[in-house]
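Hi everyone, thanks for making the time today. Let me put the structure up on the screen, and then we can walk through it together.

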Amino acid sequence: MMYSSRRKPVLYFKEDRRSDPRKGLPRPRSGVLPWQKCSVFKLFCLCTVLVFGSLLWLQLSCSGDVSRVSVEDGHVPQQPCPLGKQAPALDDPSWGPHRMALLVPFRERFEELLVFVPYMHSFLNKKKIRHKIFVINQVDHYRFNRASLINVGFLETGNDTDYIAMHDVDLLPQNEALDYGFPERGPFHVASPELHPLYHYKTYVGGILLLTKQHYQMCNGMSNRFWGWGREDDEFYRRLRKAELQLYRPTGINTGYQTFRHIHDPAWRKRDQKRIAAQKQEQFKVDPEGGLTNLHYKVESRQEVSISGAPCTVINVELECDQDETPWCLLN
């Protein structure tokens, strides 16, 4: 007997010291190479372990809780994982015949958008709501105009949707009992004053509001006079009353102010609440003629994008402003 020169002593017989011509390795006494002993069963077991390990890693990496979303210090919030529901089959009657256009008026709040789009896509799929998400992105140099962006979204969504959701990008529904279905009876205010975490006055209709396209057309859309933050929802409430549309709100929801998660951080991104020139007086007036009929804009581009596997359409829009009518569309 002899000993090899390897680090760990290995015992072999002199007459069996035959090298494998491919690797230069000693051939075992039986004449069977180590890789020839690997059975199909062992390969199956190895593959099973690898697949299980990959799934476990994916689950751990997707364990972010949306209720702990934060946008502090400019950090992108952790994105929630999909809830496992796929897009509806075209012939699946359980999803219903209607399709919602989810309109998100938007400017520069990307950290919130990264959370919002995949979360809402999964939330609506789980509720079997056919939908398309439209991000109406204002790219001009004027002050933000939420109402005009919603008007643009209404006109640009096409004929394959029959109702809209006016939806803030920083408001995430936490209760699956909330109704996002077709509002056949009349406008449906999902983020009602009894449930919204911030706004509780009786005539509030902001945050999330569902309307059929026919009802939105009856109101002539929203007023285009509101540049900067706030008051456009209050004026729209008056339009609903003028059009004699009955407003509906959720019932049987017992989660109170925890029904929604508000992910906007005012310390990081301040709202434009300035009132310029006559804007302070004008903001409380009803706009009897403005809306869809006097909206002026240009679509710079339209892009189909996917955020964490959730599809959405980004419409980059340049709004136009008549500075004689609303000089407060500019800060300077």
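Let me start with a question: is aspartate 170 buried or exposed? With a relative accessible area of 4%, aspartate 170 is buried, because the cut-off for that label is under 20%. Please keep in mind that this is a predicted model.

So where does this residue sit? Aspartate 170 is in the loop that runs between strand E7 (163-167) and strand E8 (171-173). Its side chain has a partner too: there is a polar contact, at 3.2 Å, with the side chain of histidine 262.

Let's stay with strand E7 and turn to aromatics. The count of aromatic pairs comes to 9. One of them joins tyrosine 163 and phenylalanine 182, with 5.4 Å from centre to centre and 85° between the planes, an edge-to-face arrangement. This pair links distant parts of the chain: tyrosine 163 belongs to strand E7, while phenylalanine 182 is in the loop between E8 and strand E9 (188-189), 19 residues apart. Tyrosine 163 is buried, at a relative accessible area of 2%. Phenylalanine 182, on the other hand, has 26% relative accessibility and counts as partly exposed.

A second pair is tyrosine 201 with tyrosine 204. Here the ring centres are 5.5 Å apart and the planes are at 70°, so this pair is edge-to-face. Again we can look at the accessibility of each ring's residue: tyrosine 201 is partly exposed at 36%, and tyrosine 204 is buried at 4%.

Two more items for the aromatic fans. Tyr119, Phe123 and Tyr180 come together as one aromatic cluster. And arginine 185 lies over the face of tyrosine 248, 4.0 Å from the ring centre.

Now for the core. The largest nonpolar core holds 35 residues, and the ones with the most contacts inside it are Met100, Leu102 and Tyr180. Tyr180 is one we just met, in the aromatic cluster. Several elements each supply at least two residues of this core, among them strand E5 (100-106), H2, strand E6 (131-138) and strand E13 (310-319). Which element gives the largest share of the core? That is H2, with 8 residues.

So let's zoom in on helix H2, residues 110-126. Its 17 residues should span 24 Å at 1.5 Å a residue, and the end C-alpha atoms are indeed 24 Å apart, so the two values agree. H2 is also mostly covered, with 14 of its 17 residues buried.

What comes right after this helix? Just past H2, lysine 128 has a positive phi of about 60°. As a reminder, most residues other than glycine have a negative phi. Lysine 128 is placed in the loop between H2 and E6, and at 33% relative accessibility it counts as partly exposed.

There is another residue to show you on this theme. Glutamate 244 also has a phi near 60°, a positive value in a residue other than glycine. Glutamate 244 lies in the loop between H5 and strand E11 (260-262), and its relative accessible area of 73% makes it exposed.

Last topic: the cysteines. How many disulfides does a search of the whole structure find? The search finds 1. It is formed by cysteine 321 and cysteine 329, whose sulfur atoms are 2.1 Å apart. For anyone who likes torsions, the angle about the S-S bond is -90°, and the link is left-handed. Cysteine 321 and cysteine 329 are both buried.

Two further cysteines deserve a mention. Cysteine 219 is buried, with a relative accessible area of 5%, and cysteine 312 is buried as well, at 3% relative accessibility. Cysteine 219 is located in the loop between helix H4 (213-218) and helix H5 (232-242). If you look across from there, the C-alpha atoms of cysteine 219 and arginine 239 are 5.7 Å apart, with their positions 20 residues apart along the chain.

That's my tour. Thanks for listening, and I'm happy to rotate the view for anyone who wants another look.

Terms used:
Residues numbered from 1 in each chain as written. Predicted model: local features only at pLDDT ≥ 70, side-chain atom pairs only at ≥ 80, totals over all residues. Heavy atoms only, no water. Disulfide = S-S within 2.5 Å. Buried < 20%, exposed > 50% of the residue type's maximum accessible area, 1.4 Å probe, protein only. Helix = DSSP H or I, 4+ residues; strand = E, 2+ residues; numbered from the N terminus. Expected span 1.5 Å × (residues − 1). Polar contact = N/O pair within 3.5 Å; in protein donor to acceptor, adjacent residues only side chain to side chain. Phe/Tyr/Trp six-rings, centres within 6.5 Å; stacked < 30°, edge-to-face > 60°. Lys NZ or Arg CZ within 6 Å of the ring centre and 35° of its normal. Core = buried A, V, L, I, M, F, W, Y, C linked by side-chain atoms within 4.5 Å.
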